[in-house]
Amino acid sequence: MKKILAIYGSPRRQGNTTLLLNQAVQGALDAGAQVEKVVLRDLKMSSCLEIYGCKETGRCVIQDDFQGVSNQLLACHGLMLASPIFFYTVSAHTKILMDRCQSLWIKKYWVDKIPLGQRDLKRKGLFISVGATRGKRLFEGTLLTLKYFFDILDAELWKALLYRGLDFEGDVLKHPEYLQEAYGTGKEFALAVQT
Ligand SMILES: Cc1cc2nc3c(=O)[nH]c(=O)nc-3n(C[C@H](O)[C@H](O)[C@H](O)COP(=O)(O)O)c2cc1C
């Protein structure tokens with residue numbers, strides 16, 4: 001069976017993106033998918049130290065929880081990623097993971113020498129994000145960052161669920177329609193990943 005990895009990027013345990021991702025995960029499980037969860041705030045993960053210890057093998061040389069997450073990322077067929085908007089980009093927890101994946105970028109483009117721009121999409125991605133404000137451009141920076149992160153993982157952005165105007169922990173509970181949408185999307189995602 002194809003695997004889905006669900007990555008929680010909020011520092012809050014019961015934050016808005018967490019509650020939305022929980023719904024998406026439940027939808028996927030109800031569709032029969034196998035889902036593994038990673039809660040970034042529970043991991044010990046250094047930021048990228050830019051020492052390029054990865055340059056020969058594409059394997060990061062910093063020994064911490066990134067090693068396990070890296071294996072999970074490479075083993076999954078579907079990636080659900082949830083992050084709040086912090087200063088118009090992803091949370092620091094999420095960005096640390098993205099930066100550590102520079103080792104996978106090195107593997108792909110320097111070690112395996114895949115030509116830039118050559119696309120072999122092996123994974124599907126679902127991105128969930130939330131911001132407090134309502135600006136039209138709220139998610140623009142984040143979506144650009146995400147595009148290049150997904151490129152490293154040979155993942156296509158299958159769908160993004162983006163919600164404005166949610167600030168305090170649990171604000172999303174006032175919008176059962178958002179939670180319902182996340183559940184339904186998780187179900188559809190699981191089916192899309194299987195095909
Ligand atoms: C450090 C920090 C930076 C933030 N930056 C933004 C921002 O640039 N734009 C915005 O609309 N909301 C911003 N917010 C608000 C969060 O996006 C909002 O509270 C969101 O609901 C948090 O999601 P979570 O509960 O899943 O962590 C920021 C919050 C924090 C703590």
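The exercises below, each with a worked solution, concern a predicted model and its ligand. Local features require pLDDT of at least 70 and side-chain atom pairs pLDDT 80 or more, whereas totals for chains, interfaces and linings use all residues. Residues are numbered from 1 along each chain as its sequence is written, and side-chain values use heavy atoms, with hydrogens and water left out.

**Exercise 1. Describe the ligand shell and its polar contacts.**

Step 1. Count a residue as near the ligand if one of its heavy atoms lies within 4 Å of it. The ligand is surrounded by 17 residues, the closest being Ser-10, Thr-17, Thr-133, Leu-166 and Asp-167.

Step 2. Classify the shell: nine residues are nonpolar, six polar and two charged. Here Asp, Glu, Lys and Arg count as charged, and Gly is among the polar residues.

Step 3. Seek polar contacts, which are pairs of N or O atoms within 3.5 Å. Backbone N or O atoms supply two: that of Ile-85 lies 2.7 Å from a ligand oxygen, and that of Phe-87 lies 2.8 Å from a ligand nitrogen. Asp-167 places a polar side-chain atom 2.7 Å from an oxygen of the ligand.

Step 4. Of the 640 Å² of accessible area that the ligand has on its own, the protein covers 78% (Shrake-Rupley method, 1.4 Å probe).

**Exercise 2. Identify what the salt bridge of Arg-100 ties together.**

Step 1. Apply the criterion: a side-chain nitrogen of Lys or Arg within 4 Å of a carboxyl oxygen of Asp or Glu. The structure contains 11 such salt bridges.

Step 2. Arg-100 pairs with Asp-64, their closest N and O atoms being 2.9 Å apart.

Step 3. Arg-100 belongs to helix α3 (residues 92-100) and Asp-64 to the loop between β2 and α2 (66-75), so the pair ties together parts 36 residues apart in sequence. Helices (H or I, at least four residues) and strands (E, at least two) are DSSP runs.

Key:
A residue is near a molecule or strand if one of its heavy atoms lies within 4 Å of it. A polar contact is a pair of N or O atoms within 3.5 Å; within protein, one must be able to donate a hydrogen and the other to accept it, and residues adjacent in sequence count only if both atoms are side-chain atoms.
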